Every structure is written in C-alpha cells, then in structure tokens.
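Hi there,

Here is the structure I promised to pass on. Please have a look at it first, and then read on for my notes on what turned up.

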Amino acid sequence: MINIIFRAHVCLILLALTGAAYATELKLWYDQPANTWEEALPLGNGRLGAMVFGGVEKETIQLNEDTFWGGGPHNNLNPAARAALPEIRRLISAGQHAEASSLAEKTISSQGAQGMPYQSAGVLDIHFPGHEKYQDYYRELDLQDAVARTRYKVGEVTYQREVFASFIDQVVVVRLRADRKGALNFSLGLSHPEGMAVSVQGNDLLMRGKSVDHEGIKGQVRLANLARVVPVDGTVNILDQRLQVSNASEAFILVSMATNFIHYRDVSGDELARAQQALQKAAAAFTSADDYEKRLAAHREFYRGYFNRVALDLASNEFAREPTDKRIREFAARHDPALVALYFQFGRYLLISSSQPGTQPANLQGIWNPHSQPPWDSKYTLNINAQMNYWPSEVTQLSELHEPFIQLVRELAQTGRETAQTMYGAAGWAAHHNTDIWRSSGAVDGPWGPWPVSSAWLVEHLWQRYMYTGDKEFLREVYPIFKSACDFFVDFLMRDEKTGWLVVSPSMSPENEPQATGVKLAAGVTMDNQLLFDLFSHSIAAAEILRQDKTEIKRWQKIVDNLPPMQIGRYHQLQEWLEDWDNPFDQHRHVSHLYGLFPSNQISPIHTPELFNAARVSMEQRGDPSTGWSMNWKINLWARLLDGDRALKLIRDQISPAGGTGFSEAGGTYPNLFDAHPPFQIDGNFGFTSGVTEMLAQSHDGAVHLLPALPHAWPTGEVKGLVMRGGFVLNMAWEKGELTYVKVVSRLGGNLRLRSYSPLPESASVRAKPARGKNTNPFYDVPKIKALLKHTRRQIPRLSFADIYLVDVATVPGGEYVWQRRPL
C-alpha cells in the first residue's frame with residue numbers, strides 16, 4: 001500500500017529553526033581554497049557571472065557575460081532537405097533505415113555551422129604577496145544573500161573578502177579587508193584565454209577583444225571588460241599591466257562587462273560605452289564602507305525578493321555542520337536530509353543568478369563557463385536539457401525568471417519560419433535539437449540532427465506558464481506561436497502506410513538507436529506522438545479559452561485523433577518506437593518515451609493504470625546510474641510513479657562525487673554542488689530541484705496531490721511557497737508522514753481538489769466536502785488520450801487508491817484556506 005511509506009519515525013525539526021541555524025544550513029562552505037573550477041563558487045545576476053576560487057596568495061575570479069558568444073548573426077539551414085525528404089521517407093517506410101540515415105545526414109543536417117560557442121569573458125586575478133603561510137581558512141557561498149566570502153589569518157592579521165554580482169548595480173563587486181591598518185597589499189590584473197589586450201587607465205584596467213571565429217562564421221561579438229580599484233585608504237600604482245594597492249586596510253574592486261550584442265540579428269552596440277556607463281554609475285555608489293553596506297543591502301533585498309518565496313526543511317542533524325565537500329562524499333552512506341534541502345535551494349539560487357528578465361536564458365552551463373570552446377559549445381540543447389533548466393521556474397515561484405526562455409521561444413519561432421519553408425516546404429515554424437544566441441534553427445551534429453519536433457516541446461513551456469499563472473493576456477500574446485507550430489506539423493505529418501496513423505518522418509527518439517536498425521533515424525516514435533498530442537491538445541484549449549479559430553480546432557482535433565496511440569510492448573514496457581524494438585537491457589541516458597509521464601501528464605496511475613505500469617517497467621529496465629541530468633530526470637519520473645524511496649535512491653546516486661571532468665556517463669556532483677554529466681551541465685541542478693518538488697506535491701491528474709512520493713527517510717518536514725497549477729500557493733508540514741498543517745492561498749479562485757494519503761488536519765474555517773466526479777476546475781482537466789495498444793498478455797497489479805483522501809474546496813481569488821492539527 002502506498003501509505004506504508006509514512007511509518008518511519010524521526011525527531012521533529014520544523015522550519016521554525018532559529019534564523020541563525022537555518023541560515024547555516026543554506027551555505028556551501030569549505031576549509032580550503034578551490035583547486036579546480038568545479039570547486040569554485042558561482043555568483044551571477046543573470047547577465048554577469050563569476051566563479052570565485054577563494055585562493056589565498058592568488059585569488060582567481062573567472063568571469064562571464066551572457067551575450068559573449070562566438071560567431072555572429074546567421075542560420076544553419078541545409079536547403080537540400082526539401083528535395084531529399086520524399087526519398088528519406090520512402091527508405092524509412094521500406095525498412096532501409098541505415099540508407100535513410102546516411103541520406104538525411106547529408107541533406108538535413110547542416111554541412112556547415114553546427115552552432116556557436118558561449119565563451120569566457122576572462123579572469124580577474126588578485127595577488128597577495130606574503131600570504132603563502134596562512135591559518136584558520138574558511139570560505140562560503142551564502143544562499144541567503146548571494147555573496148561569496150573568504151576569511152583567513154596571516155600571522156596576527158585577519159583578511160576577509162566578499163564578492164557578489166550586483167543585481168542592482170550591474171557589476172561584480174569585490175570587497176577586500178584587513179583588520180590591521182595598512183596591512184592590505186595586493187595587485188590585480190585581467191586576462192583572457194584568447195590573449196586579449198589589456199591596458200591601464202588611471203585606476204581602471206581595460207581588456208578588449210572579440211569572440212572566436214567558429215565553423216566558418218566570423219566572430220562578431222566585441223567584449224569590453226573593465227575593472228576599477230576603489231581604495232578606502234592606501235595608495236594605487238601602476239605596475240606593468242596591473243594595478244597595485246599598498247598600505248591599505250580596505251578596498252573595493254568593481255568589474256563591469258558588456259558587449260556590442262543588441263539582438264540575435266543586431267551586433268551594432270557600443271560595448272565600451274556600455275561597460276563604462278555601468279562602471280561610472282556603480283563607482284559613484286561605492287565610495288565608502290557605509291556606501292558598500294547600503295549597496296550590498298540593496299542587492300540582498302532584490303535577491304531575497306525571489307529566493308525567500310520558497311523554504312524547505314527536511315530536518316537536520318550534526319552533519320549539516322560539516323564542510324560541503326565532505327557531506328557530498330559521505331551522503332550516500334549516511335542520513336543528511338539537510339543536504340537535500342540545500343541542493344534544492346541551490347538550484348533555485350542558480351536560476352535566480354543565471355536567468356533574469358531581459359537576459360539570455362540559462363544555457364547548458366547557466367552563465368558559468370571558463371572556456372572559449374566549451375563542451376557541447378554550452379549551447380541550448382532542445383531535446384531535454386534546455387527545457388529541464390526551467391522545470392523549477394513556475395512551481396518554485398520564479399515565474400518571472402521563465403521569461404528569458406520564453407523570449408528564446410518567441411525568437412526561435414521567427415528564425416524557424418525560414419527552417420520550415422526552406423528545408424521542408426512547410427508553413428509555420430520548426431526547429432531541431434540545438435540552438436544558440438543567434439537562434440539558429442537548422443539540424444546539427446550529423447545523425448543527431450534530423451529531429452524537427454523541438455517546437456512542440458518549446459510551446460509546452462508557454463502553456464505551462466499559463467497553467468500556473470492563469471494569465472490570459474500572456475496566452476493571447478503567445479497564441480500565434482502555438483498556431484504557427486501547429487501549421488508546420490499540419491503540413492509535415494505523413495500517413496504511415498502500414499497503420500494509417502499520422503507520423504513524424506524522419507525523426508528519432510533522442511538520442512537513442514534501436515538494435516533492430518542500428519541507427520537513430522525512425523518514424524512515429526513515441527516521444528513525438530506524445531509531444532504532438534500536447535501541442536495540438538493545448539493549442540485547442542488555448543483557442544477555446546481565447547475564443548479563436550473554430551475551424552482550426554476541428555482540424556487539429558482530427559490530427560489528434562489520427563496520432564499513434566501509446567503501446568505496451570512484449571516485455572510489458574512502454575514502447576519507445578512505433579515498432580516493438582525495445583531492448584530490455586538498454587540503459588541509454590535518454591528516456592524520451594517517458595515524456596508522457598513527466599514533464600507531461602498523459603500517463604496516470606488513476607486514469608491510465610496499464611500505461612503507468614508499463615512506464616515503471618521501462619524505468620526498471622533503464623536502470624538508475626547515468627549522466628547527472630538523466631538521473632535528475634529520473635527523480636522526477638519516480639516521483640510521478642509515486643515511489644519516493646526509489647526517487648531518494650536516485651538522489652543518493654546524484655549526490656555522490658562526480659567521476660571526473662572528462663566526457664563520461666558517470667554522473668554525480670562536483671564539490672561546489674554543480675551537476676556532472678560529466679563534465680558540468682547545469683540542467684541536472686534544475687532537474688533535482690524540480691524532482692524534490694514532485695516528491696512533495698504534484699498538481700496534475702485532476703487534483704493537487706500532497707506528499708505523493710514521500711520517502712521513509714523524510715517523515716518530518718515543512719515546505720512553504722510551492723505553486724500548483726491553477727494558481728494555488730501551498731504551505732504544508734508533516735510529522736510521521738502525516739500532514740499536520742496545510743495552507744493554500746488561491747490566486748485565481750476555482751475548485752481546489754486535494755488528494756492525500758492521510759486525512760487533512762482539522763479546520764474550523766474551511767468548508768471541504770468529499771470530492772465526486774470530474775474536477776470542475778479547468779486547470780485540472782485530465783488528458784483524453786487514445787486507447788493504448790498492448791502486445792503482451794502479461795498483467796501487472798495496479799496500485800490501490802482505496803485509502804486515498806480526496807476533498808473539494810470552493811475558493812475565491814485571494815482566499816486563504818488553512819488546516820492545522822491541534823496541539824496534544
């Protein structure tokens with residue numbers, strides 16, 4: 001029985017911990033400097049990024065600016081696709097997949113640019129002569145205020161540093177202090193992997209250069225990087241191409257960066273004027289220690305306006321007082337639930353720091369990258385990774401931070417029109433599995449390229465934004481993107497000769513290949529069918545909400561009716577392909593056919609129990625260990641399978657030391673809590689945060705489900721501020737696995753249906769009634785999927801929901817609804 005998972009007992013430690021104790025748990029801290037980039041601590045304000053090493057004799061702060069990318073405006077289409085398409089389809093239909101793949105690789109995948117690289121903006125280094133011998137070392141990243149701190153002693157002098165990327169002043173700020181007057185002596189310089197020129201102008205260092213040429217595209221992005229010393233006392237001198245500060249007790253360093261990038265088609269900006277303007281404005285605000293405290297307070301207030309919306313406590317113990325790297329090394333062998341909460345909040349911290357309204361969206365490494373040629377170019381991979389970056393945005397109250405990704409969708413819908421027409425002779429817009437700052441929409445990476453379905457997944461983010469916010473004006477503004485994506489598939493879908501179903505051909509189940517063909521290229525794969533079901537179903541719903549396109553609604557519904565159904569194969573697995581090609585020993589990192597389980601909601605234990613069981617079989621076959629991002633997707637999937645203990649097992653796999661920095665599939669976590677593919681990919685961090693949320697609360701399948709996948713190891717805890725679909729904001733606490741407190745704030749009104757394994761606590765003010773029939777709240781409509789096809793006689797017992805508690809509450813906009821256990 002599901003509710004057995006709630007019977008373990010631990011001490012009750014709720015979020016009512018003292019402020020000091022809770023703040024300690026929300027710090028990454030270490031007793032030694034970083035030796036590698038994956039040990040350094042990330043700071044960011046959405047546009048500017050910094051990795052702080054905390055070195056003693058030499059401090060290294062690696063820098064990024066979110067628009068400093070290789071190449072320049074272009075698209076990477078292969079015009080040969082249109083003529084070759086009929087032959088590629090014929091070959092696939094004839095079972096000649098290898099021949100079809102070879103032809104598609106030449107005629108669909110780009111023969112030129114494969115996407116431009118995101119680049120480092122250089123390094124600020126600070127040398128401290130005479131600091132070779134030190135003691136009492138400590139460094140931290142405080143998630144409560146987005147500040148990195150370093151402290152140590154040399155002799156009898158204590159030295160302290162604070163670094164933050166100011167959200168308000170748009171500079172990276174470094175504060176250096178010594179507790180003895182005149183004891184602070186240092187020099188600073190700027191450098192870049194590409195050898196950019198550095199000059200000294202007064203108290204400023206200036207480094208200028210341009211982005212790299214890449215795959216035939218000239219580097220057209222120019223960078224200006226300015227660093228200014230603002231001494232409180234002491235003297236400043238020029239030494240070679242460095243600034244030297246002597247006999248001080250305190251000083252500030254302000255770093256301003258900018259490029260000439262204005263728009264994905266426009267690089268006509270003045271990078272130096274932009275950098276100078278931000279620096280001059282900031283320098284006027286940082287003239288004294290008192291000014292510094294005011295600017296730090298303004299930065300902190302802005303940041304906490306996002307961060308403090310959600311709190312999580314899973315209880316704590318003595319391990320929370322140990323260095324973060326030690327906690328990671330030993331997590332799998334002991335009970336450290338506070339590290340899970342820290343990792344959860346670290347994901348939110350990273351999204352706040354790498355994605356702000358008006359910036360570029362978080363890329364494969366967020367905004368943190370030390371290379372000119374990073375792994376996978378640090379682009380936007382659209383077959384899972386870029387989408388995963390934004391899974392926590394709505395549910396953990398960071399909706400505004402979803403906007404940069406939504407803007408990417410808007411822009412890709414423009415460049416994708418050229419793709420649809422030029423490559424496929426189709427209307428609407430299309431994109432493939434990768435894009436970059438130039439919103440390139442062609443197919444790249446040879447045999448990985450011919451997957452023209454990313455538009456369907458990208459549109460889903462627009463729909464989910466509406467599902468959480470209920471913002472009809474937003475839906476009206478983006479609805480043309482829905483419609484245009486549908487237009488493409490209306491033209492592109494073909495009828496399968498054997499089944500009569502409408503299928504996407506050519507395509508693939510990213511990035512897997514069945515043994516039956518030995519190549520990726522296929523037609524009618526399960527993920528495509530699930531994505532198109534969502535695209536057309538949600539476009540129909542959007543049109544009905546907006547009262548538009550009655551004719552299109554009928555047309556789209558016919559397409560939905562003619563898509564292939566999900567199928568259960570001979571091993572009782574959810575089939576990944578149209579044919580029953582699945583290998584039960586396949587442990588590929590991608591689990592694309594389980595999109596319908598998560599992030600979609602087409603597979604349900606209540607409404608589609610056989611598919612639910614088949615999805616579980618597929619998950620068992622795939623196994624747990626994999627790349628970091630894959631394991632974090634699996635946390636979400638096991639949460640949707642209502643198996644909290646298995647989800648926690650994946651968490652333990654994830655919070656283990658990463659298997660190096662080279663390319664492999666031995667995922668895990670680096671000492672600075674960055675997710676490892678390896679190498680570093682930030683999507684896993686965001687997937688982790690989403691996964692923990694799914695374990696604690698879900699808002700699909702007709703109801704808000706409280707504690708749907710709570711593991712034995714978390715019998716006591718509290719969470720505040722999660723947002724459920726339909727605009728319900730949820731606070732709850734539990735003890736011994738049973739709810740002791742529930743508070744729901746209804747932003748939009750409408751019926752609130754709550755599902756739980758234990759009865760809700762008493763409430764003197766809430767009129768709840770047992771739920772019957774369909775939920776009348778349209779945000780909780782259950783998908784009407786086609787009847788499945790089953791190719792096995794095997795039967796698997798279904799989950800029992802006999803002990804489930806299900807209540808309805810009529811809510812009004814702004815209403816608060818509270819249930820609380822009475823004190824014993």
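Which helix gives the largest share of the lining of the second largest pocket? Before I get to that, please keep in mind that this is a predicted model.

**The chain as a whole**

The protein chain holds 18 helices and 34 strands. Laid along the principal axes, its C-alpha atoms fill a box of roughly 80 × 75 × 50 Å. The radius of gyration is 27 Å, which agrees with the value near 28 Å that a compact globule of 824 residues would have. Of those 824 residues, 66% are buried.

**The second largest pocket**

Back to the opening question: the helix is H10, with 5 residues in the lining of the second largest pocket. H10 spans 403-424, and it is joined by strand E16 (250-259) and helix H4 (271-285), each of these three elements supplying at least two lining residues. The volume of this second largest pocket is about 500 Å³. Its lining counts 28 residues, and Arg47, Asp66, Thr67, Phe261 and Gly358 are the closest to the centre. Sorted by class, that lining has 11 nonpolar, 10 polar and 7 charged residues.

**The largest pocket**

The largest pocket offers about 790 Å³ of space. Its lining is made up of 32 residues, with Ser537, His538, Ala541, Asp781 and Val782 nearest the centre. Which helix gives the most to this lining? That is H13, with 8 residues. H13 covers 526-546, and at least two lining residues each also come from helix H11 (454-469), helix H14 (550-561) and strand E25 (697-700). By class, the lining of the largest pocket splits into 14 nonpolar, 8 polar and 10 charged residues.

**Aromatic rings**

I also went through the ring contacts. The count comes to 38 aromatic pairs. One of them is Phe252 with Phe286, an edge-to-face pair at 6.4 Å centre to centre and 65° between the planes. Phe252 belongs to strand E16, while Phe286 sits in the loop between H4 and helix H5 (289-307), so this pair ties together parts that are 34 residues apart in sequence. Phe252 counts as buried because its relative accessibility is 0%, and Phe286, at 0%, counts as buried too. You will recall E16 and H4 from the second largest pocket, where each supplies at least two lining residues.

Another pair, Trp463 with Tyr466, is tilted, with 5.5 Å between the centres and 40° between the planes. These two are 3 residues apart in helix H11, so about one helical turn separates them. Are they buried or exposed? Trp463 is buried, with 6% relative accessibility, and Tyr466 is buried at 5%. H11 is also one of the elements that supply at least two residues of the lining of the largest pocket.

Beyond single pairs, ring pairs link a cluster that takes in Trp37, Phe167, Phe302, Tyr303, Tyr306, Phe307, Phe346, Tyr349, Trp368, Phe674 and Phe680.

**Charges over rings**

Two arginines are worth a look in your viewer. Arg139 lies over the face of Tyr30, 4.4 Å from the ring centre. Arg334 lies over the face of Phe319, at 3.9 Å from the ring centre.

Happy browsing, and do write back with any questions.

Best wishes

Note on methods. Residues are numbered from 1 along each chain as its sequence is written. This is a predicted model: local features need pLDDT of at least 70, side-chain atom pairs count only at pLDDT 80 or more; totals for chains, interfaces and linings use all residues. Side-chain values use heavy atoms; hydrogens and water are left out. On a 1 Å grid over the protein atoms alone, a cavity is a set of points where a 1.4 Å probe fits but cannot get out, and a pocket is an open set with protein on both sides within 12 Å along at least five of seven lines; lining residues have an atom within 4 Å of a point. Grid points are joined across faces, edges and corners, and a volume is the space filled by probe spheres set on the points. Helices (H or I, at least four residues) and strands (E, at least two) are DSSP runs, numbered from the N terminus. Ala, Val, Leu, Ile, Met, Phe, Trp, Tyr, Cys and Pro count as nonpolar, Asp, Glu, Lys and Arg as charged, and the others, Gly among them, as polar. Rings of Phe, Tyr and Trp (its six-membered ring) pair if their centres lie within 6.5 Å; planes under 30 degrees apart count as stacked, over 60 as edge-to-face and the rest as tilted. Buried means under 20% relative accessible area, exposed over 50%, partly exposed in between (1.4 Å probe, protein chains only). A charge sits over a ring if NZ of Lys or CZ of Arg is within 6 Å of the ring centre and within 35 degrees of the ring normal. The radius of gyration is taken over C-alpha atoms; the globule rule is 2.2 Å times the number of residues to the power 0.38.
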